Amino acid sequence: IPIDGVDRTPVNLAPPFFGEEAFVWSRFREQFHPLANDMEDATVPTADKPDGFDNFETQPNYEGVIDRRSPSLEAGQKTYHVKIRLTETDDIVLFESPSHVVSLDAEEAARVQEQNRRFETRPKARRTADAEAQTRDLPCKSRSVNTECIHRQDVASFVSNYDMYDTYNDLERHTKEINVADSASKLEITTYSREGMEDIDERLNRNANFHLSSMILQRLLAGNVYREQQIRFRNMYPPDPCREDIRYLYRLDVLWTYRTVETLGKPVASASWCPANGDIVALAYGIYGHTGSDDRGCGFVYVWNIKNPVNPERRYRFDCPVTCVAFSRRTPQLLAVGLYDGRVQVRDITDTTQTPLAVSNRDRFPVYQPIWDLKWVEFDNEGKDEVIAVSQNGWVLKYTLTIGQYLLPYPLLRLDRVEGTPEGQTSTGTSATADQQPVRVQSDLHPQVLCVTIHPVQKDKYYIGTDEGTVHWCSINDPFQHLGVLQMHSRGIFCLEYSPWSPRIFLTCSGDWSIRIWIEELPEPIVTLCTGFAPIQAAYWSPTNSTVIASVTRSGVQLWDLKRRSSKPASETALGSLTTALTVVRFTNCGRCLLVGDAEGKAHVCALEDMPFPPHFQYRELQSALYGKLVTTPELLTRVKRMGYLGY
C-alpha cells in the first residue's frame, strides 16, 4: 500500500501453508476485480463489511478522521487503517497421554480384542484387573534396593598347639548315632560341650512347647508336598456322576506311605481309625506269622495324622510286640493296646508324656498269652469305659477303667474244645446231615480266640472266632457260658464284621481261602467268595457302598462287588514288593480310601478310584444283590425271603 510514496504494506503474520507461496500484494492486485467504481470521500469501511477496498486506484480521504481508541493522537494527525488477516496456527503438543481404550464401534476393535485374548491366555501372563485407567505401570525395584550390601573382611588369627590342646581338654566330647532314612545304616555325629553346661538336646526334649511348635512346623512343610493327596483323602472334589468317561475299574491309587526307620522290619499287626477325627490312625507294630524270636524284642504304637505323613505325632515303645489297638467311641482320645505277653494298656493320645493311663494288673488275674483282639464295650454301663480282650489260651476278659492306675479285670469265659459235630459247615463246605459221618474238629484243650465282635444292636452280645473255624456267641450278662456255637470254616477265623446296613448280615474270613456272608439264624452261608490258594487275613464292608467288600491276602488287596461276579474279585492290586506279605486292610471313616499294612512296617494309604457310585437305597441294593446270588439255590432263597426285612 503506497502512502506518500512509501510502501506501507504490512508483513504477513501467518506463516505460509505447506506447499503454498507467501502472500504478495502485487499478485493480489492482479487477481482482484473491483466491485464498484464509485466511493464517497471521507468514508470509513465499517466492521461488518470486511471487503472494504472497492477501488484500489482511488485512494480514500482520511482527513478529519480521528481514532478515538488512541487518545494520545493529536487532532490534526492522520491515522491509517490497515487490513490484517488472522489465521489459526498449528497445535503445539506439550504433553500427550494416548488412550488405550478402543470403542467397540471402531474399525480396529476386532483386532484389539484378539490381542487382549492372546495376552490373557499366554502361559506366563501377569495378573490383570478389569478397570478403566490410563496410568503407567509401576517401575520394578531392583534387588539392590531391597537388600543390604554384604561387607566382607579377611581376618587372620594365629592359634598355637598349646591353645588347641587346652581348648579340647576343656570340652566334653559326645558321639551320637542317627538313623539314616530309607536305610539300615547309621550316621555318627560328634559334638562338644563345656563342662558344667546343660545339654541343649535334653533341654529341648523336656520342653513341651518345642515339641508342639516342631509338630506344627512339620505339618506346614508336609502340606506343601502332599497338598493334592490330602485334598483327595478329604474327598473335597468327588467324581461327577454325569461325566461321559465313567468306567468301573475298582482301582487303587497310593497317596502316601507311613514308614519310619525305627519300625523297619516290624510288621503292621493292627490299625484303628479315630472315630471322632478321621485324620488320625493308630498303627501297631509287632509280629506276623512265623516271626523269628530275635525280632520279638520290642513293639511300637504310632499315632499318625494325614497332616504329617512323614513323621508320627505320637510314639509309644513297648518291651514286647504289640498285637492289636482300638480307639474308644465313647471317649475318642483313649486308645487300648494289646501286647504279646498278655497285658492290656490304655493310653491317652492327648497326653504328651509316655505314661500309660492304666495297665492290666497281673496280681488280680495273671494272663501271659498274647492278646489277639480287643473291643470297647459301648452299651450303657453307668458311664464306665470297658474293654473286652481275647487271649490265645481261650480266655475272654473284660477290663474296666477305674480311677487308679490299674485296669480292673473280670473273666467272662474260657472256651473249651468243641466235641462232636457242631451245626454249620463241614470240611467239604456243605451242611451236615444225618447220613454224613461226624467230622472231628481238631483242637487243643482250649482253642485260640483270634477275633471278637460286639453285636451292633444288642450291645451285651458278642461273637468270638477261634482257630477251629467256629464262632461262639456269648453275652456279657451271662458269664462262663456261651449262647451257641456254629462251625463256619474249616480253618481259623481271622475277622468277623457286621454289615453297616443290616444288624443281621455279617461276613467272616478264614485261612481256608474264603469269605462267607451269613444271616443270623441260618446255619449255612448265603454267599461264598474264594480267592484261590491264599488265606484271607482280613475283610471289611465298605461304609459307603453296601455291596463292596475289601479283603487282603499275602499277595494283594481284593475288591469285591456283590452286584457283579462272585467267582473272581472285581480288582486285585499288589502293593510293595512281590515278596512282602500284606497283613492289614481297613476302610477310612469316609469310605473313599483304604489303609493297607505289610510285613515290612509300611502302611499304604490308597484312594479308591473308578468306583461305582453309592446307591441311594443301600439296604435295597444289598438285598437285591444277595437275592441274585441265591438264584441257583431256590430253597435257600425261599428261606431268606421268609425272614423278611433284615435292615435297620
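Me: Which residues do ring pairs link into a cluster, and how should such a pair be read?
Reply: A pair of aromatic rings is described by the distance of the centres and the angle of the planes. In this predicted model, ring pairs join Tyr 226, Phe 233, Trp 256, Tyr 258, Trp 273, Tyr 285, Phe 300, Tyr 302 and Trp 304 into a cluster.

Me: How many aromatic pairs does the structure hold?
Reply: The structure holds 16 aromatic pairs. One of them joins Tyr 498 and Phe 506: the ring centres are 5.2 Å apart and the planes meet at 45°, so this pair is tilted. Tyr 498 and Phe 506 are both buried.

Me: Which kind of aromatic pair do Tyr 619 and Tyr 645 form?
Reply: The pair of Tyr 619 and Tyr 645 is edge-to-face, with 4.6 Å from centre to centre and 65° between the planes. Distant parts of the chain are linked by this pair, 26 residues apart: Tyr 619 belongs to helix α8 (residues 618-629), and Tyr 645 to the segment after α9 (634-642).

Me: Is Tyr 619 buried or exposed, and why?
Reply: Tyr 619 counts as buried because its relative accessible area is 11%, and buried means under 20%. Its partner Tyr 645 has a relative accessible area of 52% and is therefore exposed, the cut-off for that class being over 50%.

Me: Where do the charged side chains Arg 620 and Lys 641 sit with respect to rings?
Reply: Arg 620 lies over the face of Phe 617, at 4.2 Å from the ring centre. Lys 641 places its charged end over the ring of Tyr 627, 5.4 Å from the centre of that ring.

Me: I should like to turn to sheets. In what order do the strands of the open sheet that includes β22 run?
Reply: Strands of a sheet pair through backbone hydrogen bonds, either parallel or antiparallel. Here 4 strands form an open sheet in the order β22-β23-β24-β25, with antiparallel pairing. Its edge strands are β22 (493-498) and β25 (527-530), each of which pairs on one side only. From one strand to the next, the twist averages 15°.

Me: Over how many bridges do β22 and β23 pair?
Reply: Strand β22 and strand β23 (residues 505-510) pair in the antiparallel sense over 5 bridges. As for individual partners, Ile 493 has Ser 510 in β23 as its bridge partner.

Me: Where does Leu 217 lie, and how far is its C-alpha atom from that of Asn 308?
Reply: Leu 217 is part of helix α6 (residues 208-225). Leu 217 is partly exposed, since its relative accessible area is 49%. The C-alpha atoms of Leu 217 and Asn 308 are separated by 9.7 Å, although these residues are 91 apart along the chain.

Me: How many helices and strands does the chain have, and what share of its residues is buried?
Reply: The chain has 9 helices and 32 strands. Of its 648 residues, 38% are buried. Among contacts between residues at least 6 apart in sequence, 51% join residues at least 24 apart.

Me: What is the mean pLDDT of the chain, and where does pLDDT stay under 50?
Reply: The mean pLDDT of the chain is 81, and 77% of the residues reach 70 or more. Among the elements, helix α1 (residues 25-31) has the lowest mean, 53, while strand β7 (residues 280-285) has the highest, 96. Over residues 35-56 pLDDT stays under 50, and the model has 19 contacts beyond four places in sequence for that stretch. Residues 427-439 also stay under 50, with 16 such contacts.

How values were computed:
Residues numbered from 1 in each chain as written. Predicted model: local features only at pLDDT ≥ 70, side-chain atom pairs only at ≥ 80, totals over all residues. Heavy atoms only, no water. Pairing = 2+ DSSP bridges. Helix = DSSP H or I, 4+ residues; strand = E, 2+ residues; numbered from the N terminus. Axes fitted to C-alpha atoms, helices over the stretch in contact; angles between N-to-C directions. pLDDT = per-residue confidence, 0-100. Contact = heavy atoms within 4.5 Å. Phe/Tyr/Trp six-rings, centres within 6.5 Å; stacked < 30°, edge-to-face > 60°. Buried < 20%, exposed > 50% of the residue type's maximum accessible area, 1.4 Å probe, protein only. Lys NZ or Arg CZ within 6 Å of the ring centre and 35° of its normal.
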